[in-house]
2 protein chains.
Amino acid sequence: METKGGFYITQIKQLQGRIFERLLIENGIEISGGQGRILFILWKRDCLTVSEISRETSLAKNTVSIIVDGMVKKNILTREINPVNRRQTIISLTEYAKSLREKYEMVSQQMNALFYEGFTPDEQQEFEGYLARILKTLTEIENKEKKCKKTQ
Amino acid sequence: METKGGFYITQIKQLQGRIFERLLIENGIEISGGQGRILFILWKRDCLTVSEISRETSLAKNTVSIIVDGMVKKNILTREINPVNRRQTIISLTEYAKSLREKYEMVSQQMNALFYEGFTPDEQQEFEGYLARILKTLTEIENKEKKCKKTQ
DNA sequence: TTAAAATAGTTCTATATAGAACAATTTAAA
DNA sequence: TTTAAATTGTTCTATATAGAACTATTTTAA
């Protein structure tokens, strides 16, 4: 069977990212895609380590580190060493970041409406169920690979 | 309703990309994700313009231009001006690129198997149907935006 | 209790990605 | 036919992204 799920996913990610960023700018929010993903996680639960953010966003650890850099410079996040475990860096939201949340979520909803145009709620739910399954599979594969690497 | 299709898509794209690249390297194929997407299109139909590749991959035109640059340097593609319409650049596969196809597609199949682990053929088909619908919607949105911009 | 292993982050390097501005060419309109 | 508009690519700049190698800590084991 000729399938192209991966190709579709990449294309959708591309388009979606560009459209969402324009929508954000139109609404006066200067937050890029990568930054938005980190905020999305931190708005749910503040004060996470770099590794936790990496896990939740599926971004590589060093990528998170770099994006956080930029966000600290823009006064969106703060960085501090965890005194209890000094290997860890705790990333927290600034007041400014907290103030962005409501507006950002409104734009997210707009984006969502575009994304799921023509979908019934049931279809949406089913589709997201599939996505969640794939995400789980791929996450497990990557974790397994990491373990193998260590054993070598 | 709280949905997060876009977030899932981005995460899956990330993971999938990393896993696929490792798989390619393990199989001795030195082709990156972005390069693979352009090859995927050109293997189906050779000798396309930059704009056509941009349309088929959903990559921005300038992104295609840059990635093609790298691939020309690596003797994967050739670039030549279309004598009939000298604004256009025709991108073609080299013999080397053609020789990579079979192996690349084998790895793609492996990746596919991982991606769809636990999916029945019907589920796969349904899922890809959803993806195709979303891709269509987003493509239309972006094209509309481009038109609006011109009118301004 | 000290040496080895594991964990957490960062830096370095390279590619991917896109917006804005631009140059070259072709097409449409006056 | 000559000028304005549209099309096609590229360059410039900035951010996103990840692998590899590294430093600093903490944990484990001998």
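Visitor: Let's start at the DNA. How far is a side-chain N or O atom of B:Gln14 from a sugar or linking oxygen of DNA strand D?
Guide: The distance is 3.3 Å. Keep in mind that this is a predicted model.

Visitor: And B:Arg18? What does its side chain reach on DNA strand D?
Guide: A phosphate oxygen. A polar side-chain atom of B:Arg18 lies 2.4 Å from that oxygen.

Visitor: What about A:Arg86? Which part of A:Arg86 is involved, backbone or side chain?
Guide: The backbone. One of its polar backbone atoms is 2.9 Å from a phosphate oxygen of DNA strand D.

Visitor: Which elements give two or more residues to the surface near DNA strand D?
Guide: Both chains take part. Chain A offers α2 (33–44) and α4 (61–73). Chain B offers α1 (5–26), α3 (50–57) and α4 (61–73).

Visitor: Which one gives the most?
Guide: That is α4(A), with four residues.

Visitor: How many residues surround DNA strand D in total?
Guide: There are 28. The closest are A:Ser32, A:Asn62, B:Arg18, B:Ser51 and B:Ser65. You met B:Arg18 above, at a phosphate oxygen.

Visitor: What classes do they fall into, nonpolar, polar or charged?
Guide: The surface near DNA strand D has 13 polar residues, 10 charged and five nonpolar.

Visitor: Now the DNA side. What share of the atoms of DNA strand D within 4 Å of the protein belongs to sugar or phosphate?
Guide: The share is 69%. The rest of those atoms belong to bases.

Visitor: New topic. What rotation superposes chain A on chain B?
Guide: A rotation of 180°, with 0.0 Å of shift along its axis. The RMSD is 0.0 Å. That is how a two-fold axis relates two copies.

Visitor: How much of the contact surface of chain A recurs in chain B?
Guide: 100% of the contact residues of chain A recur in chain B, so to speak the same surface serves both copies.

Visitor: Let's look inside chain B. How many residues of strand β3 (residues 89–93) are buried?
Guide: Four of the five. So β3(B) is largely enclosed by the rest of the structure.

Visitor: How many bridges join β3(B) to strand β2 (residues 77–81) of chain B?
Guide: Five, and the two strands run antiparallel. B:Thr78 stands opposite B:Ser92 in β3(B).

Visitor: And strand β1 (residues 48–49) of chain B? In which sense does it pair with β3(B), parallel or antiparallel?
Guide: Antiparallel, over two bridges. There, B:Leu48 stands opposite B:Ile91 in β3(B).

Methods
Residues are numbered from 1 along each chain as its sequence is written. Chains are lettered from A and ligands numbered from 1 in the order in which they are written. This is a predicted model: local features need pLDDT of at least 70, side-chain atom pairs count only at pLDDT 80 or more; totals for chains, interfaces and linings use all residues. Side-chain values use heavy atoms; hydrogens and water are left out. Copies are superposed by least squares on the C-alpha atoms of residues with pLDDT of at least 70 in both. Contact means heavy atoms within 4.5 Å. Buried means under 20% relative accessible area, exposed over 50%, partly exposed in between (1.4 Å probe, protein chains only). Two strands pair if DSSP finds at least two bridges between them. A residue is near a molecule or strand if one of its heavy atoms lies within 4 Å of it. A polar contact is a pair of N or O atoms within 3.5 Å; within protein, one must be able to donate a hydrogen and the other to accept it, and residues adjacent in sequence count only if both atoms are side-chain atoms. Ala, Val, Leu, Ile, Met, Phe, Trp, Tyr, Cys and Pro count as nonpolar, Asp, Glu, Lys and Arg as charged, and the others, Gly among them, as polar.
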